[in-house]
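Please open the model in your viewer and keep the selection panel at hand. The stops below go from one strand pairing outward to whole chains and their contacts.

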Amino acid sequence: MTQLKSPEELDNYRQTLSSGRDANTPCIAICAGTGCLAYGAAEVIGAFKAEIEKQGLTAKVDTKGTGCPGYCEKGPVVVIYPEEICYLGVMPEDVPEIITQTIVGKKVVDRLVYSDPDSGEKAIHQADIPYYKQQKRFLLSSNTLIDSRSIDDYLLINGYSALSKALFQMTAEEVVEEVKKSKLRGRGGGGFPAGRKWEGSRDAPGEVKYVLVNADEGDPGAFMDRALLEGNPHSILEGLIIGGYAIGAHEGYVYVRQEYPLAVENINLAIEQAEEYGLLGKDILGSGFDFTVKVHQGAGAFVCGESTALMTALEGRAGEPRPKYVRSNVKGLWNRPSVLNNVETWANVPLIINRGADWFTQYGTEGSKGTKIFSLVGKITNTGLVEVPMGITLRDIIYKIGGGIPGGKKFKAIQTGGPSGGCIPETLLDLEVGFDELTEAGSMMGSGGMIVMDEDTCMVDMARYFIHFLSDESCGKCVPCREGLRQMDRILKKITEGRGEEGDTKTLEELSELAIDASLCALGKSAPNPLLSTLRYFKDEYEAHIKEKRCPALSCKELISYYIDPEKCRACRACMRKCPVDGISGGKNRIHVIDQEKCTSCGTCLDVCPPKFDAVVKYSGEPVPPPIPEEKRTIDRKKKK
Amino acid sequence: MSKKIHLQIDGRDIEAEEGMTVLEAAHSVGINIPTLCFHHELEPWGGCRLCMVELEFGDWTRRVVSCVYLVEEGLVVKTRSLKVDKTRKGILELLLAHAPDSPQLTALAEEYGADRNRFEQDASFCIHCGLCVRYCAEVAEKHALGFIDRGIRKEISFIPEIAAKECNDCKGCFPLCPTSYLQAAFVLVESLAFPSNGK
Amino acid sequence: MEAERIDQIIDEYQRTPDLLIQVLLAIQSEYNWLPKAALQRVGEKLQVPLSRILHIATFYNAFSLVPKGRHKVHVCMGTACHVRGAPRILDTVQDLTGIGAGETDLEFKFSLETVNCIGCCALGPVIDIDGKIHGNVSIRDTADILEQYD
């Protein structure tokens, strides 16, 4: 492959590729993202290749492993082009039928398409599936169109045309202006206006500047960056090179979490390919602009997602944040001007350059333009990634796209913004999603994690979960964060174990204030958010734990007791066999009784009791009923129930 | 000849040099700001947060850590305020849970009304001021001890092979420790982990 | 652990201190732990004090200063997995393997770690064993999954 040395050569090459592809050739796109791979997508891909060969169709049908299409609940997901027929939950056994019926016979395999759980109505095409209908997938839709490991596929969807436009039709200043005009705000959590950040670096003194990709994605529950980086690595590279051109940086870094091995592999491959094609390196496309990119892996520390800590890690040190009194876009990596942006922010750049800031600002709200990818997970029917315009309500995301809460359970809260965010209750579900709106409600946008919780989730336990997480992930340098979290962790543990005392919530609030006011970095300053939001909206749960030693969600182990309802128990002995402490007495025809002294509240009996009996009950805040007398424990099976 | 910067600290007009921190500027004219992790021979660290001061911008205030905040022309600084004092009290109470008998902490506790029993006593009396680690790295340049781990598990740790060779002739860090945890840690590593003679 | 192999790994990277973490990741990946002799060699070649290397080796979750078992069991404790019952999965794995998080059993068969998000949030609860991801794990599945490994 000779390097492409001008925009014309790039266009010509794209033309050659395009004419070499027949738009009518069927293409089977199977999601090969980490999630679907866990479901067995690799075997499905193998099965397709084998069956196609078996039926002698290898020259006539393309198959490709693609990036994540987002509907993780129904993986492995297969989309068949050009019709865009979407099959869900495809297993290797289904493959021969798909080839025979759909590829050859041009008929749809009914049982594999989406079926509405209530009405049974089918949706054959990806765009008609309710999950996708409300979304605006400017970023994610490319994922199913390309083989993530093919630069040619990326070129075919107009890849690198934005770079060409920026380098040859725009000055660096014009690029910055366009990004400013788009009002693009950082998608990693801070929501800082990207254009302003770029401008600050552009204007900062210094010859050597850097552009950096934050692909650490440390927020637990968030995986949109993984989908973008694995699925379409070139889109991020293209955005990064444009950014480098805009601010005058010739070196870029991608800091990617080592917990994402496929993303690491794919971005490294993309860089190699781009270098081969002359889209990276010296004199890109003959423009005179030089730019190189290096990949650094993270080594497992949430704090390294914080911008100054990330830069410290890039310097080969432990990721301890630095004070931000002088902004890092002026003094960042190696004390030089550095623009650090999140993966999703970079992915938006080629779109903005190609379609213009005016196009971008059509979508979203006044304060939050464009689309955002959210990871909708937890107690929700349709888990996965959703890309929606800012301004959509939480209610629509949860019910229209997410399909509501499974198992007939009641919604309790949605947690956004990761460990820096907060829990939003039912009363605020009509909130229009945007940076400022979420912050006002006591949470924040964060990187886009949306964890849905139901009536079985204990909010005090959630606060404890986040504080504990942060006490482990804190770098430990400053007192308000390290020591504050240490004490908050202790107090919350006490409360969830039934040893909470009057004054505990006040102490938690004071420690929170100290951390917000005096911590060195954003991890410490935002650490109290989840706790404070649960205190704000779910104070009653704290009071129940502290005053009544009761967990309303029946979740905190030390506060619940298990009881077998003698009216329902049919003495099947399932729980007796599985009880790890041998704490259930009874036998064939003898009602089972839990020995409360031995019981460790592990919940196994509840798990194994057959649903048709449903005999195990949880109690909290009150003693279980006394055991029924021995004489009454025999079941007479001859009597009808 | 570096540029002169004019600022006001606690109502006093002060002339400082460009590149100085607010703490240095205050010290230069004898204004006291409490610190735990600051040492004139070491790079400013910003870990204890005790030297927090309040900056006034008209009606609006902002609190910053004075040992790392550089002086700016026209800055108005207050070294005490309700919020600053509350922060210092909070920090002291958290540290007293580790080292209630430290003379430095006790003296500061009295000034700020900090209650040594506010929080449950913690087993470790290290307050993570970092003076020992930083002294060994920056002044002694022996790197015989360092921090390990992170978050609430963070600790200082001697490297036995290096400490065995270097420490007994140096101990330059010993006088710096506000709680004597350092000395205790040294004794422990000396008795348990130093390579035996001849190695 | 041969000194030559360590030198080879170090030489694949430029011997600049900023690549310290990348070098350590490569050694960890090859040996499944960071032997002290390797750390000393890295310190010499990259001109970095051992104290800084040890801070890094203990600061970041990816590294281990003690040998690990043949099979690395990672139970995800991310928020989405937590909400779907990860703590009970962890309890079950601990009961079945006899080791706690951060430990390795005496036969060096399993090493158990908790991990703060693998990014498979839609499949929670998730267990990753040797890079293979098991999603939607129930308490009952756990025993079956562990039995696949010897």
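Begin by selecting C:Val73, whose bridge partner in β3(C) is C:Ile129. The model is predicted, so that local features are given only at pLDDT of at least 70 and side-chain atom pairs count only at pLDDT 80 or more, while totals for chains, interfaces and linings use all residues. Residues are numbered from 1 along each chain as its sequence is written, and chains are lettered from A and ligands numbered from 1 in the order in which they are written.

**Strands of chain C**

Widen the selection to β1(C) and to strand β3 (residues 127-129) of chain C, which pair in the antiparallel sense over three bridges; two strands pair here if DSSP finds at least two bridges between them. Helices (H or I, at least four residues) and strands (E, at least two) are DSSP runs, numbered from the N terminus. Then add strand β2 (residues 110-115) of chain C, which runs parallel to strand β1 (residues 71-76) of chain C and is joined to it by six bridges. Within this parallel pair, C:Phe110 of β2(C) stands opposite C:His71.

**Helix α3 of chain A**

Move to residues 41-54 of chain A, the helix α3, whose 14 residues reach 20 Å from the first C-alpha to the last, close to the 20 Å expected at 1.5 Å a residue (the expected span is 1.5 Å times one less than the number of residues). Which residues of α3(A) are buried? They are A:Ala41, A:Val44, A:Ile45, A:Ala47, A:Phe48, A:Glu51 and A:Ile52. These buried residues cover an arc of only 160 degrees around the axis, which puts them on the same side of α3(A); the arc is that of the directions from the helix axis to the C-beta atoms. A residue is buried if 20 or more other C-beta atoms lie within 10 Å of its own, exposed if 12 or fewer, and partly exposed in between, with C-beta atoms placed from the backbone. On the face of α3(A) turned away from its buried side, select the exposed residues A:Glu53 and A:Lys54. To see what covers the buried residues of α3(A), show elements of chain A including β1 (27-31), α2, β2 (62-66) and α4 (95-104). After the helix, stop at A:Gly56, which follows α3(A) and has a positive phi, near 70 degrees.

**Domains of chain A**

Colour chain A by its domains, which are domain 1 (7-145), domain 2 (159-361), domain 3 (371-454), domain 4 (459-547) and domain 5 (557-633), with bounds that come from an automatic or database domain assignment. The C-alpha centres of domain 2 and domain 4 of chain A lie 34 Å apart, and their contact takes 10 residues from domain 2 and eight residues from domain 4. Two residues are in contact if their C-beta atoms, placed from the backbone, lie within 7 Å.

**Between the chains**

Now show chains A and C together, where 41 residues of chain A are in contact with 35 residues of chain C. On the chain A side, α2 (34-38), β9 (292-297), α13 (307-314), β11 (371-378), β15 (449-454) and α18 (459-473) each supply at least two residues. Finally, turn to chains B and C, where eight residues of chain C are in contact with eight residues of chain B. Chain B itself has six helices and seven strands, and buried residues make up 44% of its 199 residues.
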